[in-house]
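Here is the note you asked for on this model. The points can be read in order or looked up one by one.

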Amino acid sequence: MWGIFLESVVIFQNYIGYHQNKFLFGIYLFFLLYLWLTEKDRRLRALFVYAPTILLVCFFCPLFRKAFVRLLNDAETYYRLLWLLQTSILSAYGAVKLFGSRRWSRIAGLVILCIMIAACGSLVYRSQYITKAENAYHLPGEAVEVAELIDPEEGRVMALVPADLVYYIRQYSSKINTPYGREMLIARWDYYNDMYEAMEEAEIIETASFVGLTRNYGCNYVVLKKDRKIQEPLADYGFALYAQTDHYLIYQDTEIGK
């Protein structure tokens with residue numbers, strides 16, 4: 001039981017964040033305690049005091065977590081229970097109640113709260129995951145270039161693309177289908193796809209079996225990185241070099257549709 005409790009603590013810590021971000025949850029706890037002491041309306045007390053308190057107690061209770069995992073057969077989404085806390089709504093209501101009904105006090109309270117929230121956070125544009133948009137699609141420029149080359153005017157096409165393009169091709173056009181999607185890129189999901197294995201996991205692409213799979217999936221186009229190792233040229237198996245970009249070669253299967 002103690003181990004389950006500690007796991008819940010780790011999940012909670014990961015959810016609220018570390019360093020500066022954890023103080024945002026501190027603001028929420030402050031207003032939760034304030035409403036415990038001051039809120040008199042029974043309906044609001046049930047919504048803003050009892051419900052989040054019971055949820056927090058249940059979240060850390062090992063028996064509750066065991067029941068949750070057993071009933072839903074899903075341990076990975078346990079953290080989503082914390083979404084029900086509605087931290088922003090409770091904090092906003094608590095702040096309005098704390099700073100009173102006078103206009104000047106509410107304005108002062110708003111300014112103070114905004115400064116506190118800003119001080120507890122960090123500038124999102126400093127994140128390593130944020131980059132300046134290269135185009136109106138907010139997608140990598142070369143991904144857009146590849147997508148534009150294979151996007152059909154009518155109907156649909158099937159395109160096999162490297163893993164680093166999987167996220168972007170379908171964002172550009174829903175007329176481009178792929179043999180597999182982002183499910184193959186999330187390691188913990190542990191999905192299997194024979195086309196993905198041949199495309200990404202093999203150190204050197206075994207051309208004969210690879211081509212057999214692309215035709216089994218009905219791939220009109222195959223996009224390979226220029227430095228991707230392959231046993232035999234795709235041209236020997238009925239593929240024609242359709243186009244190329246700085247880092248990718250785009251092959252069209254001339255046998256499809258015959």
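The points below go from the whole chain to the sheet and then to single residues.

1. Status and content. The model is predicted, and it should be read as such throughout. The protein has ten helices and five strands.

2. Overall dimensions. The radius of gyration of the protein is 27 Å, whereas a compact globule of 258 residues would have a value near 18 Å. The C-alpha trace spans about 80 × 45 × 35 Å along the principal axes.

3. Burial and surface. Of the 258 residues, 35% count as buried. The accessible surface of the protein is about 16700 Å², and carbon and sulfur atoms hold 58% of that area.

4. Contacts and charges. Taking the contacts with a sequence separation of 6 or more, 55% of them come from residues 24 or more positions apart. As for charge, the protein has 26 positive and 27 negative charges, and the mean positions of the two sets lie 21 Å apart.

5. Sheet order. In what order do the five strands of the open sheet stand? The order is β2-β1-β3-β5-β4, and the pairing is mixed. The edge positions are taken by β2 (176-177) and β4 (239-244); each has a single partner strand, so one side of each is left without a neighbour in the sheet. As background, strands of a sheet pair through backbone hydrogen bonds, in either a parallel or an antiparallel sense.

6. β5 and its partners. Strand β5 (residues 248-253) pairs with β4 in the antiparallel sense over five bridges. Strand β3 (residues 221-225) also pairs with β5 in the antiparallel sense, over five bridges. Five of the six residues of β5 are buried, so β5 is largely enclosed by the rest of the structure.

7. Register. For checking the alignment of the strands, some residue pairs can be listed. Ala 243 stands opposite Ile 250 in β5, and Ala 240 has Gln 252 of β5 as its bridge partner. From the β3 pairing, Leu 224 stands opposite Leu 249 in β5. The link from β4 to β5 is a hairpin of three residues.

8. Leu 82. This residue is in the loop between α4 (62-72) and α5 (87-98). Is Leu 82 buried or exposed? Its relative accessibility is 1%, and under 20% counts as buried, so Leu 82 is buried. When residues up to four places away in sequence are set aside, Leu 82 touches Phe 12, Tyr 15, Leu 56 and Phe 59. Leu 82 and Ile 16 are separated by 66 residues in sequence, yet their C-alpha atoms are 9.5 Å apart.

9. Gln 86. The loop between α4 and α5 also holds Gln 86. Its phi is near 50 degrees, a positive value in a residue other than glycine. At 41% relative accessibility, Gln 86 counts as partly exposed.

10. His 138. Where does His 138 lie? The residue is in the loop between α6 (103-120) and α7 (141-150). His 138 is not a glycine, although its phi is positive, at about 55 degrees. With a relative accessible area of 62%, His 138 is exposed.

11. Asn 193. This residue is placed in the loop between β2 and α9 (194-201). Asn 193 has a relative accessible area of 11% and is therefore buried. Which residues does Asn 193 contact, leaving aside neighbours within four places in sequence? They are Pro 179, Tyr 180, Met 184 and Tyr 217. For one of these, Tyr 180, the C-alpha to C-alpha distance from Asn 193 is 7.5 Å, at a sequence separation of 13 residues.

12. Points to keep in view. The radius of gyration of 27 Å stands against a value near 18 Å for a compact globule of 258 residues. In the sheet, β5 is largely enclosed, with five of its six residues buried. Among the loop residues, Gln 86 has a positive phi near 50 degrees and His 138 has one of about 55 degrees.

Key. Residues are numbered from 1 along each chain as its sequence is written. This is a predicted model: local features need pLDDT of at least 70, side-chain atom pairs count only at pLDDT 80 or more; totals for chains, interfaces and linings use all residues. Side-chain values use heavy atoms; hydrogens and water are left out. Helices (H or I, at least four residues) and strands (E, at least two) are DSSP runs, numbered from the N terminus. The radius of gyration is taken over C-alpha atoms; the globule rule is 2.2 Å times the number of residues to the power 0.38. Buried means under 20% relative accessible area, exposed over 50%, partly exposed in between (1.4 Å probe, protein chains only). Contact means heavy atoms within 4.5 Å. Accessible areas come from the Shrake-Rupley method with a 1.4 Å probe; for residues, only the protein chains shown count as cover. Lys and Arg count as positive and Asp and Glu as negative; His and the chain ends are not counted. The place of a charge is taken as NZ of Lys, CZ of Arg, CG of Asp or CD of Glu. Two strands pair if DSSP finds at least two bridges between them.
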